[in-house]
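User: Could you take me through this model and tell me how each label was earned? I'd like the reasoning along with the names.

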Amino acid sequence: MSWVDIGTLNDIPLRGSRIVKSPAGCIAIFRTAEDEVFATSNTCAHKQGPLSEGIVHDRKVTCPLHNWVFSLETGEAQGADEGQIATYPVKIESGRLLLNMDAVVAKVA
Amino acid sequence: MQKLVIIGAGMASGRMLEHIHETDPAAFSVTIFNAEPRGNYNRIMLSPVLAGDRSFEEIITHDDDWYAQNKVTTRFGERVTGIDRERKVVIGEQGEVPYDKLILATGSTPFIIPVPGHDLPGVVGYRDLEDTNAMIDAAANQGASAVVIGGGLLGLEAAAGLRMRGMEVTVLHIAGHLMDRQLDEAAGYLLKLDLEKRGIKVMTEANTKAIVGEGKAEKVLLDDGTELAADIVVMAAGIRPAGQLGQQAGLEMGRAIKVNAQMQTSDPDIYAVGECVEFDENIFGLVAPLYDQAKVLANTLLGQEDAFTVRELSTKLKVTGCDLFSAGDFAEGEGREDIVFRDPKRRVYKRLIVEDDKLIGAVMYGDTADSNWFFGLIKDGTNIEEMRETLIFGPSFQGGGAAASDPLAAVAALPLDAEICGCNGVCKGDIISAIEGGVTTLDGVRMTTKASASCGTCTGLVEQVLAVSLGDGFEISKEKPVCKCTDLTHEDVRRLIKSQELKSQPAVWQELAWKTPNGCHVCRPAINYYLISDWPLEYQDDLQSRFVNERNHANIQKDGTYSVMPRMWGGMTTPDELIAVANAAKKFNAAVKVTGGQRIDLLGIKKEDLPAIWSDLNEAGMVSGHAYTKGLRTVKTCVGTDWCRFGTQDSTGLGIKLEKKLWGSWTPHKVKLGVSGCPRNCAEATCKDIGIICVDSGYQISVAGAAGMDVKMTESLVDVATEAEVEEWVSAFMQLYRENAKYLDRAYKWVDKVGLDWVKEELSNPDTRKALVERFDISQSVYRKDPWADHIRNRSEQYQHLADLTEEAVA
Ligand SMILES: Cc1cc2nc3c(=O)[nH]c(=O)nc-3n(C[C@H](O)[C@H](O)[C@H](O)COP(=O)(O)OP(=O)(O)OC[C@H]3O[C@@H](n4cnc5c(N)ncnc54)[C@H](O)[C@@H]3O)c2cc1C
Ligand code: HEM
Ligand code: SF4
Ligand code: FES
């Protein structure tokens, strides 16, 4: 697997998100209250709202446009809403954030 | 006899030697090196030595006699500098020793953060007796200060020990809460309270910039400019496996020396044990797994089959009075369910994490009596479906019967003297007597017994007692809670934040018994607002608890671009401002709209351009118009006496004064003002949240208007004679609204709920009015500033993408 360095954990605000531009479109990198990181598509499955601008709670994010809530782990919409966003493997090594490019490229192909 | 050489006389190799000598003392002739000038001691007990509860002699596990009796050749105080695998010799500082079998047991070394000054005398790690003695010596000076970098297990034990010895201690921790790898935020909050109670200062999200001093450490500097005096600086920011010898010798390495399940490295004659090994991508930092390794290694060397497996680990902190426990996996997750119990009164927090009907993690603080039972359930993977409802109450609540599965039955089964309300000491019997005396509602119970009347966290229990006693005659209350994270209403929460002086989000989560770890998109913005409004000086605004517009200080539009609207005070502008706006609009390709709030909106700005356009507008002296906030928006004015033949007062001037006084303030919902120069009301002031109509005799102030989905005319609040009085009444009204309204209630909705008469009554008392104005001014001393300028300076990188990988994939 090819892992690409995208920055450090501290570049992302606690309970916040930053985006990475990729061939598969914008990818949102989230940091939870417990310092875990997740990567998902930045684009809401409802009407393309920018998920990186949402409020992060637990391992979930609420879309800023119409409050759909997505699991950061599975990408599944929560509650009554039905929808799915792409998720990508991301990991922390010695404080650096590594995103799995294979998964991103696979998404484009 | 085979020659066995061991590098490192630490806890892992010590335990291994014991196993070998118990089973077959004659199997090897053993030589052991140790860089420390002594044999093995119980390293984890250095903390009680530091705190003064133990002497070093008491924690020695293997003394000179032991090594002599077991015929172990010791080379203590001698570091091994290399291994020659060809010749099978170990190279020590005093010479070589040949081996048949070699064991690396070099442990780990403290990670010293490479900030400027990290190599000054007075900067120590926390690993061995030398470090401990350096700390004890530093504490010998009266009134000396210590800074501990790192709020994990080691750092906190160091801090507690130094504090016991009378030092002024500050702990700096980079994450948002203490022991963030073992605890969640709520438990971290309680731990912080306990440490603070014993006089230890705790700073979270603290970034060390440098350590400075003349010839030795004297001060620690932080990124945010804070300076801390420090006679000693303890670096407890983590450990690194000591694998250098293995690396030099060309053994297979990961983050540490790689071993198989028999503790064998890539060289069949070389083994490794302890913190210097990596097994199956795991590295180790606690003794329990090292003891397992030691046993496996001893068996392997003696030719018996054995294999190491990784076990669940649990953590406790060895600081008396801080009872905490954590085990397993306690992150949130899909398919995982939290069972949370909080007793604010006793400062108890327990959280169990359940997945597929099994307990997979536990965090507890304050009451860890049942921790072993829970740890057992985790290790054994016990199915807990049957006892789920009462699981959190521990083993004594289990054992069948109706009480085990139905919470109402559990309440019914409680004895009459069981305490329900901790604050007021009300037991179940008191509530039952009240009900027998005719009480049928929650409020009734509150009035007659005081139960649930203070902190309110027992409300659910009281309602259950009512339900059990009255059956269908009782309906659980209809007042809507804030959201699914709590049973409390907005009004309850506001009251409790004030009365219990809750000044942080974790304080609210814990003391008000929140059911989720850190809220959700409904409650977080509300709580953030309440904390800002009640504790402007103590509470730090949390951008991550704000909706996108308030976080990015611009209005997000449906295509993901933003609109930027600078303030035009009272709707007045100048040719220079207009030129700056026009230039910015051209440069950033904006659509330009004149708004109903008497200013100009620039639409279609990309997020990454926001800091640049703000900076251009700032340069022309313009600041944020807060067109995106639940806060003061605009003050609309008419041209007044300056130009109009009907004007009675300087409505434009007054509007500008009011806007300059009120801007930047946060409110439950947006606030708009209008000031008209005469009753012709060209500024449409009588449909604003606050409207002022100038008349010959002075000013008519009216409030609670609306012109949106609802259209409502303002209602008269008071008539005053001078501009100064207008400013006073308007500020006081703003503050009353800020302090009392529910988040997202516009002023007219709030006034409708509390009644205009109440508002008038409060504000017409001159003392109350003055106090409100004072509190408003205090808050404004923090918030009356341009957020754009602030973000350009401190946050501009947050507006850019983290990385651009569009090229990466093509390559
Ligand atoms: C203050 C403190 C409190 C702790 N509290 C706990 C606790 O409560 N619970 C818990 O489970 N764990 C605790 N730990 C961790 C625990 O002490 C370690 O996990 C354990 O000591 C590791 O054992 P080891 O044998 O791998 O390494 P060590 O015990 O560190 O032994 C390694 C030895 O090798 C020597 N050495 C290194 N390199 C060389 C060389 N080149 N030549 C010769 N000798 C060398 C070192 O001098 C050292 O003496 C604590 C640690 C500290 C420092
Ligand atoms: C949820 C409902 C509303 C939405 C989504 C909304 C949206 C907006 C937007 C996008 C702007 C432009 C601000 C900018 O681009 O920076 C704006 C401005 C404005 N809105 Fe609304 N609005 C709402 C409710 C209202 C209501 C109820 C009123 C009337 C009481 C109102 C009156 C105005 C006025 C007067 C302006 C110009 C404000 C200024 O100059 O600051 N809006 N609104
Ligand atoms: S409100 Fe009165 S003073 Fe103001 S512009 Fe209109 S007519 Fe003139
Ligand atoms: S676009 Fe995300 S909820 Fe509508």
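Analyst: Sure. Two residues are in contact if their C-beta atoms, placed from the backbone, lie within 7 Å. Keep in mind that this is a predicted model.

User: With that cut-off, what does B:A146 touch, leaving out residues up to four places away in sequence?

Analyst: B:A146 touches B:A138, B:L162, B:M167, B:V169, B:A230, B:D231, B:I232 and B:V234.

User: What makes B:A146 stand out in the largest nonpolar core?

Analyst: That core has 94 residues, and B:A146 is among those that touch the most other members, along with B:V148, B:L156, B:A158, B:L191, B:V233 and B:V234. There's also a second, separate core of 45 residues, including B:V30, B:L245, B:I257 and B:Y271.

User: How do you know that strand 13 and strand 14 of chain B pair?

Analyst: Pairing takes at least two bridges. Strand 13 (residues 208–212) and strand 14 (residues 219–222) of chain B have 4 bridges, so they pair, in the antiparallel sense. B:A210 stands opposite B:L221 in strand 14 of chain B. The two strands form a hairpin with 6 residues between them, and B:G215 in the turn has a positive phi of about 75°.

User: What is on the other side of the pairing, where strand 14 of chain B meets strand 15?

Analyst: Those two run antiparallel as well, joined by 3 bridges, with strand 15 of chain B at residues 227–229. B:L221 turns up again here, opposite B:E227. This hairpin has 4 residues between the strands, and B:G225 takes a positive phi near 95°.

User: Why does strand 2 of chain A count as paired with strand 39 of chain B, given 2 bridges?

Analyst: The rule asks for at least two. With 2 bridges, strand 2 of chain A and strand 39 (residues 803–804) of chain B therefore meet it, running parallel. A:K21 has B:D804 as its bridge partner.

User: How many residues does each chain bring to the contact?

Analyst: Chain A brings 35 residues and chain B brings 32 residues. Strand 2 of chain A gives the most to the side of chain A that touches chain B, with 5 residues. That side divides into 16 nonpolar, 8 polar and 11 charged.

User: Which residues come nearest to ligand 2?

Analyst: Of the 15 residues around ligand 2, B:S563, B:T595, B:G596, B:G597 and B:G708 come nearest. By class, the shell has 4 nonpolar, 8 polar and 3 charged residues. Domain 5 (549–624) and domain 6 (632–784) of chain B each supply at least three residues to the shell.

Note on methods
Residues numbered from 1 in each chain as written. Chains lettered and ligands numbered in written order. Predicted model: local features only at pLDDT ≥ 70, side-chain atom pairs only at ≥ 80, totals over all residues. Near = placed C-beta within 6 Å. Nonpolar A, V, L, I, M, F, W, Y, C, P; charged D, E, K, R; others polar. Domains from an automatic or database assignment. Core = buried A, V, L, I, M, F, W, Y, C linked by C-beta atoms within 7 Å. Buried ≥ 20, exposed ≤ 12 C-beta atoms within 10 Å, placed from the backbone.
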